[in-house]
Amino acid sequence: CIRDRWDSVSDTAEYGGLSRGDRIVDENVRENMEETLEEIQNGEFTREWILENQAGRPSYTQLRQAEKNHEIEQVGERLRGLFSWAEADASADEESVQVQADD
């Protein structure tokens, strides 16, 4: 699940991936990565991220919602529900949350 991927990184990294990921991974990936690295090195990304936070994260929220609602997420959820291992994983997650709550 894409959402799980973002749960393991900082909000800053998630915002970078959401706002620039599609620009990077295409037939010009090398050039795109160099351009994005330049935005990081020259402070453009930092300035944008600071302004985004000061404004209450409107773009970040919109990008997160769009990814959450992406068709691949909906299809993936239905497919995972067809496999028995998905039920076992969900039960393990629920048990983990319960153990943490009991501590």
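Analyst: Welcome! Two residues are in contact when they have heavy atoms within 4.5 Å. This is a predicted model, where local features need pLDDT of at least 70, side-chain atom pairs count only at pLDDT 80 or more, and totals for chains, interfaces and linings use all residues. Residues are numbered from 1 along each chain as its sequence is written, and side-chain values use heavy atoms, without hydrogens and water.

User: What makes up the secondary structure of the protein chain?

Analyst: Seven helices and zero strands, in the order α-α-α-α-α-α-α. Helices are DSSP runs of H or I with at least four residues, strands are runs of E with at least two, and both are numbered from the N terminus.

User: Which residues of α4 are called buried, and why that word?

Analyst: In α4, residues 44-54, they are F45, W49 and E52. The word applies because each falls under 20% relative accessible area (exposed is over 50%, partly exposed in between; 1.4 Å probe, protein chains only).

User: How do you know where those residues sit around α4?

Analyst: They span an arc of only 60° around the axis, so they share the same side of α4. The arc is taken from the directions from the helix axis to the C-beta atoms. The face turned away from that buried side carries the exposed L51 and Q54.

User: What do the buried residues of α4 pack against?

Analyst: Their partners are α2, α3 (29-41) and α5.

User: What makes R57 stand out?

Analyst: Phi of R57 is near 60°, a positive value in a residue other than glycine. Most residues other than glycine have a negative phi. R57 lies in the loop between α4 and α5. G56, which follows α4, also has a positive phi, near 90°.

User: Why is R57 called partly exposed?

Analyst: Its relative accessible area is 23%, and that value falls between the two cut-offs, so the label fits.

User: Why is the second largest pocket called a pocket, and which residues line it?

Analyst: A pocket is an open set of points on a 1 Å grid where a 1.4 Å probe fits, with protein on both sides within 12 Å along at least five of seven lines; lining residues have an atom within 4 Å of a point. Here the lining is R5, W6, G17, L18, G21, D22, L63 and E67. Helix α2 (11-24) gives the largest share, four residues, while α1 (2-7) and α5 (58-68) each supply at least two.
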